[in-house]
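Let's take a walk through this fold together, going from its overall dimensions down to a few single residues. Keep the viewer open as you read.

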Amino acid sequence: MSLSVAIVPVTAFAQNCSILMCNATKAAAIVDPGGDIERILQQADAMGARVEKILLTHAHIDHAGGTAELARRLSLPIEGPHEGDLFWIQGLPQQSAMFGFPQAEIFTPDRWLNDGDKVQVGGVELDVIHCPGHTPGHVVFYSAADQLAIVGDVIFQGSIGRTDFPKGNHAELVSSIRDKLFPLGDDITFIPGHGPESTFGHERRTNPFVSDHRG
C-alpha cells in the first residue's frame with residue numbers, strides 16, 4: 001500500500017473523516033474535516049503524518065464544518081469539492097444552526113475540482129471523479145494503486161446517499177454509482193462518509209438501490 005489510512009468519526013453524525021498519508025513521504029491530506037478538529041489532529045500526530053492539505057468530497061456540514069478552522073490553524077490549502085457545491089459552502093452558517101452544530105465558517109476552496117482532475121498526497125496521485133446526485137458538486141477520490149476510493153455520501157454499505165436535499169437528484173446519483181464507480185472494479189474498497197467500509201463488487205451484487213438484481 002502506498003497510502004496509510006485512518007478513519008476518525010467526527011460530529012454527532014459519526015462522519016468518517018479520513019486521514020490519507022503517503023507512506024514514502026509522510027505527507028498527508030485530511031478528507032472531510034466536519035468537526036472535532038482536536039481528535040483529527042491527535043490521530044495525525046499518532047501516525048507521524050505531516051498534514052499538507054484538506055480534501056473535500058462535498059460541502060454538507062458534517063463533512064465540511066471544520067474546514068475553515070483547520071485550514072486557518074495549519075495554513076492548509078483546501079481542494080474540492082466541485083463548484084456545484086458553492087451554495088452549500090455559502091450556507092454553512094445556516095446548516096450549523098439547523099443541525100445544532102458549532103458555528104461553521106464560510107470558506108473559499110483554493111482549488112475547485114472537476115471530473116478527471118488529479119490531486120497529490122505526497123507521492124501518491126488520486127483521481128477525482130465527479131459523482132453528483134447527493135449534492136451537485138460531490139466528488140470521489142480514487143487511488144488506483146491502492147484499490148481504494150473515498151466516496152463521501154455517494155454510496156454506503158447496503159445503501160446510497162440521500163437525494164431529498166436541495167439540488168439532490170436520485171437518477172443522477174444512481175448513474176454516478178453504476179456508470180462511474182462500479183466500472184472501477186469489484187475489488188475496489190471504498191470508505192463511505194458514514195458506517196463501515198465495503199467493496200464495489202459487494203454493493204453491485206447486494207445493494208438494494210443499485211445492485212444488478214434490483215427490482
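For a chain of 215 residues, a compact globule would be expected to have a radius of gyration near 17 Å, and the protein comes out at 16 Å, so the two agree. Bear in mind that this is a predicted model, and every value here is computed from it. Laid along its principal axes, the set of C-alpha atoms occupies a box of roughly 50 × 40 × 30 Å.

What share of the 215 residues is buried? The figure is 54%. As for the outside, the accessible surface amounts to about 8800 Å², and carbon and sulfur atoms account for 51% of that area. The contacts tell their own story: taking those between residues at least 6 apart in sequence, 59% link residues that are at least 24 apart.

Now for the secondary structure, which totals seven helices and 13 strands. A good place to start is an open sheet of five strands, arranged in the order E1-E2-E3-E4-E5 with mixed pairing. At its edges sit strand E1 (3–10) and strand E5 (78–79), each of which pairs on one side only. Strand E4, covering residues 50–55, runs parallel to E5 and is joined to it by two bridges. If you would like a spot to click on, find Ile54, which stands opposite Ile78 of E5.

Helices pack against this sheet too. Helix H1 (residues 37–47) touches E1, strand E2 (15–22), strand E3 (27–31) and E4, and its direction makes about 155° with that of E1. Helix H3, spanning residues 67–74, lies across E3, E4 and E5, and it runs at about 145° to E4.

Finally, let's look at the cysteines. How many disulfides are there when a pair of sulfur atoms must lie within 2.5 Å? The count is zero. Cys17 takes part in no disulfide, and the nearest cysteine sulfur to it, belonging to Cys22, is 18 Å away. Cys22 is likewise in no disulfide, with the sulfur of Cys17 as its nearest, 18 Å away. Since a disulfide is a covalent bond between the sulfur atoms of two cysteines, distance is the thing to check here. Are these two residues buried or exposed? Cys17 has a relative accessible area of 0%, so this residue counts as buried. Cys22, at 2%, is buried as well, because the cut-off for that label is under 20%.

Key: Residues numbered from 1 in each chain as written. Predicted model: local features only at pLDDT ≥ 70, side-chain atom pairs only at ≥ 80, totals over all residues. Heavy atoms only, no water. Disulfide = S-S within 2.5 Å. Buried < 20%, exposed > 50% of the residue type's maximum accessible area, 1.4 Å probe, protein only. Pairing = 2+ DSSP bridges. Helix = DSSP H or I, 4+ residues; strand = E, 2+ residues; numbered from the N terminus. Contact = heavy atoms within 4.5 Å. Axes fitted to C-alpha atoms, helices over the stretch in contact; angles between N-to-C directions. Rg over C-alpha atoms; globule rule 2.2 N^0.38 Å. Areas by Shrake-Rupley, 256 points an atom, 1.4 Å probe, with all protein chains shown as cover.
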